[in-house]
Every structure is written in C-alpha cells, then in structure tokens.
Amino acid sequence: MAILIDKKKRVLVQGITGREGRARTRLMREYGTNVVAGVTPGKGGQSVLGVPVFNTPDEAVKSLGTIDVSVVFVPAAGVKDAAISAIEAGIKLTVLVPDRVPVWDAMEIAAATKGNGATFLGPNTLGVLSPGKAVVGMIGGRAESARQWFKPGVPKGVGVISRSGGMASSTGYYLGQAGVRISTIVHIGGDAVIGIRLPDAALMFENDPLTEAIVIFGEIGSSQEEELAQLIIDGKITKPVIAYIGGKAAREGTRFSHAGAIIEGGRGTYAGKVKALREAGAVLVDAFGDLPDAVVNILKKMKGESLMSVADKNAVWNTAITRVEPNKVAVRGYNIAELMGRVSFGAAVYLTLTGELPLPAIARLMDAILVSSIDHGATPPSALAARTVASTGAALSASVAAGIMSINRHHGGAIEDCARQLKAIADRAARESISMDEAATRTLATMREAGERMSGFGHRLHTKDPRTTRLFELAREAGLDGAHMQAARAVEKAFAQAKKVLPINVDGAIGAILADLGMNPAAFNGVFMIARTPGLIAHVIEEQNREKPMRRIDPVNHGYDGPPARSLSDAPSP
Ligand SMILES: CC(C)(COP(=O)(O)OP(=O)(O)OC[C@H]1O[C@@H](n2cnc3c(N)ncnc32)[C@H](O)[C@@H]1OP(=O)(O)O)[C@@H](O)C(=O)NCCC(=O)NCCS
C-alpha cells in the first residue's frame, strides 16, 4: 500500500503529445508507473512511446477500461476542461501539474469532483511519488536519481507532505540521506485553492498501514497546519507528526513564493502554526536541516531503540543533561538557541532538573517559586554569611559560596524535609484509611513525643506569609492540589487547633508544591539555592561597595534606603 498511487494504478497522461507530457511519460514509465493511455484532443489514434493516444479521457476509458489516475500536462488555460473531462470519465484522481491555473477554474474543478466522488491534487503540483512503486507528475526527475534518493517504505516508511514543490524532493532526499524510508511523498501545491489539502493528505497517511509517521514541510498562509493540529488534538491523527514550517521571517501582506503562502489579518502566521502544532503534540524543528535527525529520533523512539550514537555508547561515561557539539548546545535534547527567548527561566530550570519542559501554567508556577525566594532580607543566615565573607575582602564567588553553604536544614533547606514529612502524613492517611486532618494530628503528636519539629511551618517574623498565599493560588491555577498540598493544609489546621500560630512558610509551600509536581526531593533545596543566588550576589556587591572591610555586622539593627514601596502597575511591563 501507499497513498494515492502504487505500481498497479492505471495512469492517463493528458497533454501527452506536448513537450512536457512526452518527456514526463518517459520518466514516469522508467520509474515504474503504469501509464496506459494519453489524451490530446485531435490527436487520437497516435501513440507516444508506445502509449496509445485518445481524443478524450472518456474515449480512453471506453477503449481500455478503468483508469485510476490522470495527470495533466496541459497549459493553464486548458486545465479546467482537461480536468473536468477526466473527472466526468470516472477517473477518481486527477493530478494537475500546471501553474497559473485561474482560481475560478480550480473552484469549478473542485465542484466537478464533488458529484463524482473524485479528488484532485494541485494545481501547481509536482505530483506524488511512492518510492519503488510509481511517480505521477514531476517529483524526482530522472528515474535513476529518484531511485537513489528516495528509499522505499519497506516494511514501512514515513509519509511526506509538502506545500512546496522543490522542498518535497529535498525533504525526501535528505530523509533518504539519513536512512529514512518513505511510503509516499505528496506535493499538495502552493495555490490558494487546491484539491487535496494538508489535513486531507495527513488523514490518508493516518489510514495507510505502510506509513509510520508523517513529515510535513509546511509554510505560512492558509489554515492547513492549524487544521492538522486540531486533527491531532481530536485523536484523528495518531501517528507522530514531525514538521518544519517555512516563512518564519515573512511579514504580514508579503507573499512568500506561493499564492497560498500569505499572512492576512494575522491569520496563517509562522508563530501561530508552530504554536498550534507544538501544543497538539507534533515535533517542530526550527531549521530545515534538523528535520532528518528529528525524524530519525522519533522512529528510533517508536521502535524502542536507543538514540545513542556508537561514539556515545563507547564513551567512558555519559551524561543525560547536556550535549555540546561544534556550534550546537542542547539541554535535555533541546537546542539551547531554540529555548532562548521562548521559555522562561523557571521552565528552563524545571527542564534541567526533571528532563522535561513544563506546561505553561507549571512554568509560571516555577517562575513564581524562584521569584518568591529571590531575597528575604539582609540578615537571614545566608545573606549575613555572604556579607561577612565579603567584608574580609573575599571575591564575589567565595562570598556567594559562603552564603550558599549556609543554606541548610534550618534556613532555606526546610523544603526537602518538609516535603518528606508531608509525604509521611499523606502516606499515613492512605495506609490507615483516615482523613488527612487525622493523619496530620496523629503525626504531629508522635513528632512532639519524639521531640521532633515539623519543617516548613512558622516564621520568626511573618504570621501570614504573603508568599505562600500567592504560591498556592498559582498552584491552583495550574490545576495542582496533590496529597502534599492537602497534607500541608491539614498540618496548618492541626497547629491552629492546638492554638499554635505556625502557618506554612515559603519553604513548606515550595516543598509541598514541588513534591506535588513529582520532582525529585533531592533537588528541592537546590531550587532555593537557584532562587537565592541573585539576592546573595546583590548583598555581596553592596557590602563590597558600601561598607568598610571587617566591620562588625549587626545581625538585627539595620535600616533600608532603597526605592520606596512601588507597584508593578507603575513599572514598564516585566
Ligand atoms: C503544463 C505545462 C507543463 C505544459 O507545458 P508544455 O508541455 O511545454 O506545453 P505544450 O504546449 O508543449 O503541450 C501541451 C499539450 O497539451 C495539449 N492539450 C491542450 N488542451 C488539452 C486537453 N484539454 N487535453 C489534453 N491535451 C491538451 C496541447 O495540444 C499540447 O499538445 P501538442 O503540443 O501535441 O499540441 C506548462 O504549461 C506548465 O504549467 N509548466 C509548469 C509546471 C510546474 O512547474 N508545476 C508546478 C511545480 S511546483
């Protein structure tokens, strides 16, 4: 199987006696296409390369029996009549190679297919090629090169859909160079009105047992890529889709080579297409040159094969975090240049620590966590340690390191302990089939008897920590409310019932949230360190610039002379 064409499909060439019709008939036959007839009005009875010529498609069908596909090499003005005569003769697929076919003619052809259960490819198409089987149109040029370039999909291959003719061949060529097999390459044509559109072709590949993944060369203009994204979301396309979209730099109103490739009123933009397809779960590559590797990786993943190269397999040791090659840096597999300017720092931290990019709401939550801990005053132990070391004349790195080294169980390091304790409460509720409140009360009682403290609750200054309320709000917006957050609320309630003012503090909130996100607890205190570093750097630089060396730093008595209280609504948009 392949889509649209195969070795057996009986093909008619309209305009076979013309320059292109004659040349392409020879090339198509050399590749293996089953060309059974040609048509040129007034030239019936002749033959071209041994192929009988008829005056009309109807005559050809009546004389030879069913014809499956007609390919039209007739100048634009004659395409409408040629195509409609083929459709009316009962030919189910018409491939319209000519360019400059009037839009109205394409619409009339479309109307003619409706009543006849037929379809058409193009106009302005290079056609369709199924490696090792057949080519209809002009893809691949000489049969010998086409055979070398495109590897047949045996047992399976990827389906290629292109909105550009030249890039249909190039995509097939570069995939072949990467060892990727192809079921069929379809160039759908770049005109504004076309027959088989990108989503139609994708559905054909979805239903083709020979196709294992779908590779798209899309471009700006029209809503075809967005419709494909919707098909993926609706579960109508389940095979992996790997896409490159051309026209990134095109401005609104500029036609990008093809008539259909135009952005109008914000519709059909590069960014919109990339976003829609990415959100639907397709793999999008930024550079066309990255397409073959992306396809190879998807195919390997599908087959459960390791993506490691032989060199990596034979290396003395491996890391799963970053790959650095000449002119390329990838973090957890993502090209860092692609991440830059696209994902927030919080999302990049999440990616680095967990290996995967977060959903947008989780990325916002990560950013909020990092912002929440960026600085908590000049005298918490880490700031004091950093300032003290800075006052000795130590360098920035040593001073900041001193601050980081003071992040421990009782300062900034309660996140991990708190998360573990909350997990114990949640586990107890499940194990003993009791409510979370009951589990919290019982666990706190046990801890009290053992002289242990609950980490992440209470604050030496705040009775209602402003940061926790906001963090939980953002967590709820992200749809997060797992066992750890529930246990945290139960602990707060248990403390309140015992008349203790021990609200969850920012460490506890972060611990509960990170644990509910399923992150590895070993990294939790690291999140605090990442967040606090800018604050520590600012303290060290201030200490170095404003204070005398070796001063006695009062751990409590200090004032503030920075900007007065101000609001984000007065600031330039962050
Ligand atoms: C279609 C096209 C290839 C024809 O070019 P051509 O072969 O040089 O044109 P010719 O005039 O030599 O041949 C056309 C033939 O069609 C015949 N013809 C005209 N109307 C016809 C009809 N309704 N049915 C069948 N044949 C018809 C003509 O009689 C002529 O044959 P003849 O020379 O024996 O009389 C050309 O017009 C074209 O559009 N090229 C661009 C293709 C392209 O780039 N496509 C998009 C790729 S991205």
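In what order do the strands of the open sheet of 7 strands sit? The legends below start there and then move through a predicted model.

**View 1. An open sheet of 7 strands with mixed pairing.**
Read across the sheet and the order is S3-S4-S2-S1-S5-S6-S7. The two edge strands, S3 (47–48) and S7 (119–121), each have a pairing partner on one side only. Look for S2 (residues 34–39) and S4 (residues 51–54): they run parallel, and 2 bridges join them. Val39 is a handy landmark here, since Phe54 in S4 stands opposite. If you're new to sheets, remember that strands pair through backbone hydrogen bonds, either parallel or antiparallel.

**View 2. Helices H2 and H3 lie across strands of the sheet.**
Helix H2 covers residues 57–64 and lies across S1 (10–14), S2, S4 and S5 (69–72). Its direction makes an angle of about 135° with S2. Helix H3 takes up residues 76–88 and lies across S1, S5, S6 (93–96) and S7. Compared with S6, H3 runs at about 165°.

**View 3. The largest nonpolar core, with 97 residues.**
Val72, Val95, Val136, Val215 and Val295 have the most contacts inside this core. At least three of the core's residues come from domain 1 (7–120), and at least three from domain 2 (150–305). Another core, of 52 residues, lies apart from this one, with Ala347, Leu365, Ala478 and Ala515 among its members. Such groupings fit a general habit: in soluble globular proteins, nonpolar side chains tend to be buried together.

**View 4. Who does Val95 touch?**
Skip the neighbours within four places in sequence, and Val95 is in contact with Val69, Val71, Val72, Leu121, Gly122, Thr125, Gly127, Val128, Val136 and Gly137. One of these contacts, Gly122, leads straight into a cis peptide bond to Pro123, with omega near 5°. Pro123 itself sits in the loop between S7 and S8 (127–130).

**View 5. A cis peptide bond from Val154 to Pro155.**
Here omega is near -5°. You'll find Pro155 in the loop that links strand S10 (151–152) with strand S11 (157–162).

**View 6. An open sheet of 3 strands with antiparallel pairing.**
The order this time is S16-S17-S18. S16 (322–325) and S18 (334–335) are the edge strands, each pairing on one side only. S16 and S17 are joined by 4 bridges, while 2 bridges join S17 (residues 328–331) to S18. Ala330 is worth picking out: it is the bridge partner of Arg323, and it also stands opposite Asn335 in S18. The hairpin of S16 and S17 has 2 residues between the strands, and Asn327 in this hairpin takes a positive phi near 65°.

**View 7. Helix H18 and the helices it packs against.**
H18 has 14 residues (436–449) and reaches 20 Å from its first C-alpha to its last, close to the expected 20 Å. Its buried residues are Met436, Ala439, Ala440, Thr441, Thr443 and Leu444. Those buried residues pack against helix H17 (414–431) and helix H20 (483–497). Just past the end of H18, Gly451 has a positive phi of about 70°.

**View 8. Is Asp516 buried or exposed?**
Asp516 counts as buried because 22 other C-beta atoms lie within 10 Å, and the cut-off for buried is 20 or more. This residue belongs to helix H21 (residues 506–516). Leaving out residues up to four places away in sequence, Asp516 touches Leu480, Gly482, His484 and Met485. Ala110 is another story: it lies 406 residues from Asp516 in sequence and 54 Å away in space, C-alpha to C-alpha. On the domain scale, the C-alpha centres of domain 1 and domain 3 are 71 Å apart.

**View 9. Leu4 and Met550, two residues other than glycine with positive phi.**
Leu4, in the segment before S1, has phi near 65°. Leu4 is buried because it has 24 C-beta neighbours inside 10 Å. Met550 follows helix H22 (524–546) and has phi near 60°. Met550 is exposed, since just 10 other C-beta atoms lie within 10 Å, and 12 or fewer counts as exposed.

Definitions and conventions
Residues numbered from 1 in each chain as written. Predicted model: local features only at pLDDT ≥ 70, side-chain atom pairs only at ≥ 80, totals over all residues. Pairing = 2+ DSSP bridges. Contact = placed C-beta atoms within 7 Å. Axes fitted to C-alpha atoms, helices over the stretch in contact; angles between N-to-C directions. Core = buried A, V, L, I, M, F, W, Y, C linked by C-beta atoms within 7 Å. Domains from an automatic or database assignment. Expected span 1.5 Å × (residues − 1).
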